[in-house]
Amino acid sequence: GQVKVFRALFTFDPRTVRTFNSDSNWWKGTCRGRTGLIPSNYVAEQAESIDNPMHEAAKRGNISWLRECLDNKVGINGLDKAGNTALYWACHGGHKDVVELLLSQPSVEVNQQNKLGDTPLHAAAWKGYSDIVELLLNKNARTDIRNNENKLALEMATNAQSTLAYVTVIYLCFTRTHSNAEEYLDDEDSD
């Protein structure tokens with residue numbers, strides 16, 4: 001759940017660096033699953049510790065950092081202090097490419113609730129990201145989960161910023177929540 005980040009003094013490929021025990025002049029670096037040696041004078045001595053690097057990548061929409069985390073086997077369903085997953089943060093931030101990459105991972109937990117009871121679907125619906133709502137629903141995100149305020153993702157969509165996103169989110173969630181949605185949608189009295 002934690003990595004140390006060193007600042008590269010020169011441009012070189014490996015980004016995840018660990019000390020190499022037998023010689024302090026060389027460091028071991030891992031990038032995209034490949035490991036190699038890096039001269040120690042290519043990296044700054046001071047290291048910054050980052051808790052939950054996958055969460056940080058997802059929050060920032062940094063797809064290359066996220067891929068590096070996945071390549072280095074960082075846990076995909078790890079929870080931060082608020083109980084959020086990387087998928088939650090990607091959905092909250094509207095980072096569709098990050099959401100797609102996370103959803104392509106076989107072990108990703110789509111319905112994980114945080115400490116407030118919100119799921120990634122709650123976050124995407126609340127923010128009005130209809131394209132992300134659709135991605136989540138296509139991966140069988142549950143529409144019947146209520147958060148700690150007793151709200152469904154469908155009810156969270158009322159805060160969506162744009163009217164089109166709001167209508168799309170409501171439609172997507174509604175059709176998944178109600179098995180007989182066609183009955184409501186085909187009502188002859190509606191406009």
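1. Burial overall. Of the 191 residues in the protein, 40% are buried. The model is a predicted one, and the points below should be read on that basis.

2. Fold content. The protein has nine helices and five strands. Their order from the N terminus is β-β-β-β-β-α-α-α-α-α-α-α-α-α. The strands therefore precede the helices in the chain, as the definition of numbering from the N terminus and this order show.

3. Contact range. Take the contacts between residues at least 6 apart in sequence. Of these, 60% join residues at least 24 apart.

4. Helix 1, burial. How many of the residues of helix 1 are buried? Six of its eight are, and the helix is mostly covered. The buried set is Pro53, Met54, His55, Glu56, Ala57 and Ala58. Glu56 is thus listed among the buried residues along with His55. Just after helix 1 comes Gly61, with a positive phi of about 70 degrees.

5. Helix 1 against helix 3. Helix 1 spans residues 53-60 and helix 3 spans residues 86-93. Their axes lie 7 Å apart, and the packing angle is about 15 degrees. An angle under 35 degrees counts as roughly parallel, so helix 1 is roughly parallel to helix 3. The crossing is right-handed. Helix 1 contributes Met54, His55, Ala58 and Lys59 to the contact. Helix 3 contributes Ala86, Trp89 and Ala90. By class, the contact has five nonpolar residues, one polar and one charged.

6. Asp80, setting. Where does Asp80 sit? It is in the loop between helix 2 (63-71) and helix 3. Is Asp80 buried or exposed? Its relative accessible area is 15%. The cut-off for buried is under 20%, so Asp80 is buried.

7. Asp80, neighbours. Leaving aside residues up to four places away in sequence, Asp80 touches Asn52, His55 and Trp89. Two of these names recur from point 5: His55 of helix 1 and Trp89 of helix 3 are in the contact between those helices. The Asp80 side chain also reaches the backbone nitrogen of Asn84, at 2.8 Å. Asn114 is 34 residues from Asp80 in sequence. In space, the C-alpha to C-alpha distance between Asp80 and Asn114 is 9.1 Å.

8. Helix 2. Which residues of helix 2 are buried? They are Ile63, Trp65, Leu66, Glu68, Cys69 and Leu70. A charged residue, Glu68, is in that list. Just after helix 2, Lys73 takes a positive phi of about 60 degrees.

9. Helix 5 against helix 6. Helix 5 covers residues 120-127 and helix 6 covers residues 130-138. The axes come within 8 Å and cross at roughly 155 degrees. Angles over 145 degrees count as roughly antiparallel, and helix 5 and helix 6 are therefore roughly antiparallel to each other. The crossing is left-handed. From helix 5, Pro120, Leu121, Ala124 and Ala125 take part. They meet Ile132, Val133, Leu136 and Leu137 of helix 6. This contact has eight nonpolar residues, no polar and no charged.

10. The two helix pairs side by side. Helix 1 and helix 3 are roughly parallel, while helix 5 and helix 6 are roughly antiparallel. The crossing of helix 1 and helix 3 is right-handed, whereas helix 5 passes helix 6 in a left-handed crossing. The contact of helix 1 with helix 3 includes one polar and one charged residue, whereas that of helix 5 with helix 6 has no polar and no charged residues.

Key. Residues are numbered from 1 along each chain as its sequence is written. This is a predicted model: local features need pLDDT of at least 70, side-chain atom pairs count only at pLDDT 80 or more; totals for chains, interfaces and linings use all residues. Side-chain values use heavy atoms; hydrogens and water are left out. Axes are lines fitted to C-alpha atoms, for helices over the stretch in contact, and angles run from 0 to 180 degrees between N-to-C directions. Helices (H or I, at least four residues) and strands (E, at least two) are DSSP runs, numbered from the N terminus. Angles under 35 degrees count as roughly parallel, over 145 as roughly antiparallel, 65 to 115 as roughly perpendicular and the rest as oblique. A crossing is left-handed if the near helix is turned anticlockwise from the far one by less than a right angle, and right-handed if clockwise. Contact means heavy atoms within 4.5 Å. Buried means under 20% relative accessible area, exposed over 50%, partly exposed in between (1.4 Å probe, protein chains only). A polar contact is a pair of N or O atoms within 3.5 Å; within protein, one must be able to donate a hydrogen and the other to accept it, and residues adjacent in sequence count only if both atoms are side-chain atoms.
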